[in-house]
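Q: Please take a close look at one part of this model, the site around the ligand. Walk me through what surrounds the ligand there.

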Amino acid sequence: MQALNQGNSALGRRAVLAGVAGAALGRPAIAGDAPLKLGLMLPYSGTYAALGENVTAGFEMLLAERGGKLGGRAVTLVKVDDESDPSKAPQNVSRLLGRDRVDVLVGTVHSGVVMALVQAAREREVLLVIPNAGNAAATRELCAPTIFRTSFTNWQPAYGMGLVLGQRGVKKAAFVTWDYAAGREAAEGFRDGLAVGGGEVTQVLTVPFPQTNFQPVLAQLPGLGVEAVGAFFSGGGAVQFVRDYAAAGLRAKLPLYGPGFLTEGTLAGQGDAAEGIQTALHYGDGLDNPRNNAFRPAFKARAGREADVFAVHGYDAAQLLAVGLDATRGDAESLRPICAAMQAASIDSPRGRFKLSPQHNPVQTIYLREVRHGQNRVIGVAVPDLADPGTGCRMPA
Ligand code: BEZ
């Protein structure tokens, strides 16, 4: 990675200046006994509240496994509820970096909100670990040496789902989604996957985020002349959409598919309405690997609920950060060696071991899952070792 090898790079200048600036600001000039402050900006209210809670629980579980330390240094978490509201994001980020003076940013779930974190990471050279939001720009045109993601791009799982349907001979499909970056990018991934088999997405129908009045959209679907419907929804909205889809009698006429967020962490609320739905995701219930077999019961014992992909994202965000901070023995100012170690990391995740692409996004297997008896059972592999295209990423020096 060019940026990390240049002696006069921005990261280099920052590392040299860090001691002086840190002293002026009253921060430790080198890693000392002071706790490392991590700013967790996540949704703890609204339609994505359960996602934020599980990211946090996964992150805290890894910290607990390491005695509350990263790089040998005690960690303090500063949590902010971002409400999945992009209009409040710049202020929330400023508060974390200004008043709270955190050393590292971790966040968030929502693809619109994450843009304020990405902007801060780029402009202020702060280390950012994204534990969910799939906004492609963060690891495409807005990629940066200090921006890392432990989740996915919105394109990845949707591409896997479209690919499977194209292989099955589906020629025309519709896509339904909330109208914001995550949904639009999922629709593109679904379209790209379907196109490999000669299929097309003929309509994309949208609902404003986070509204759940799906009836006008559901009423249009039978008249579209499509064989299948793909959908991006998550959290509370996904519970409502899947229930409404079944209640409208559409399941038998138009099979419903999607990136796995549609049924992830939602099955208790969806009940029978979700049975039989197939989705694609980089995680699923019953994945049989040693890490997952240890992670699932430990998470349940700690959090009192089942793990899901969001818990895995949080756990892996802390694992990746641990790799970086171990490399500097907890000195969060030494960004060059931290970023180099994180870029080279091989993460032993409950989803299966993964590495990062040169743009800092996981290269990972996308599984095909089916809801069976209230679980997202893995029934096959949609795409092995899938990397996001990473288009437009030029790592700045
Ligand atoms: C997103 O906004 O990027 C997102 C939110 C929930 C689930 C998946 C992606």
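A: This is a predicted model. Start with the neighbours. The ligand has 15 residues around it. Those that come nearest are Val109, Ser111, Gly134, Tyr180 and Ala182.

Now sort the shell by type. Nine of its residues are nonpolar and six are polar. No charged residue takes part in the shell around the ligand.

Next, ask where the shell comes from. Two domains contribute to it. Domain 1 covers 4–152 + 287–360, and domain 2 covers 155–281. Each of them gives at least three residues to the shell.

Then look at the polar contacts. Here the cut-off matters: a pair of N or O atoms counts when the two are within 3.5 Å. Gly134 offers a polar backbone atom, and an oxygen atom of the ligand is 2.9 Å from it. Val109 also uses a polar backbone atom, with a ligand oxygen 3.4 Å away. Asn154 uses its side chain instead: an N or O atom there is 3.5 Å from an oxygen atom of the ligand.

How much of the ligand does the protein cover? On its own, the ligand has 260 Å² of accessible area. The protein covers 100% of that area. The cavity search fits this picture: the space taken by the ligand is the largest cavity.

To sum up the site, the ligand is fully covered by protein. Its shell is made of nonpolar and polar residues, and both domain 1 and domain 2 supply part of that shell.

Terms used:
Residues are numbered from 1 along each chain as its sequence is written. This is a predicted model: local features need pLDDT of at least 70, side-chain atom pairs count only at pLDDT 80 or more; totals for chains, interfaces and linings use all residues. Side-chain values use heavy atoms; hydrogens and water are left out. A residue is near a molecule or strand if one of its heavy atoms lies within 4 Å of it. A polar contact is a pair of N or O atoms within 3.5 Å; within protein, one must be able to donate a hydrogen and the other to accept it, and residues adjacent in sequence count only if both atoms are side-chain atoms. Accessible areas come from the Shrake-Rupley method with a 1.4 Å probe; for residues, only the protein chains shown count as cover. On a 1 Å grid over the protein atoms alone, a cavity is a set of points where a 1.4 Å probe fits but cannot get out, and a pocket is an open set with protein on both sides within 12 Å along at least five of seven lines; lining residues have an atom within 4 Å of a point. A molecule sits in a cavity or pocket if more than half of its atoms lie within 2 Å of its grid points. Ala, Val, Leu, Ile, Met, Phe, Trp, Tyr, Cys and Pro count as nonpolar, Asp, Glu, Lys and Arg as charged, and the others, Gly among them, as polar. Domain bounds come from an automatic or database domain assignment.
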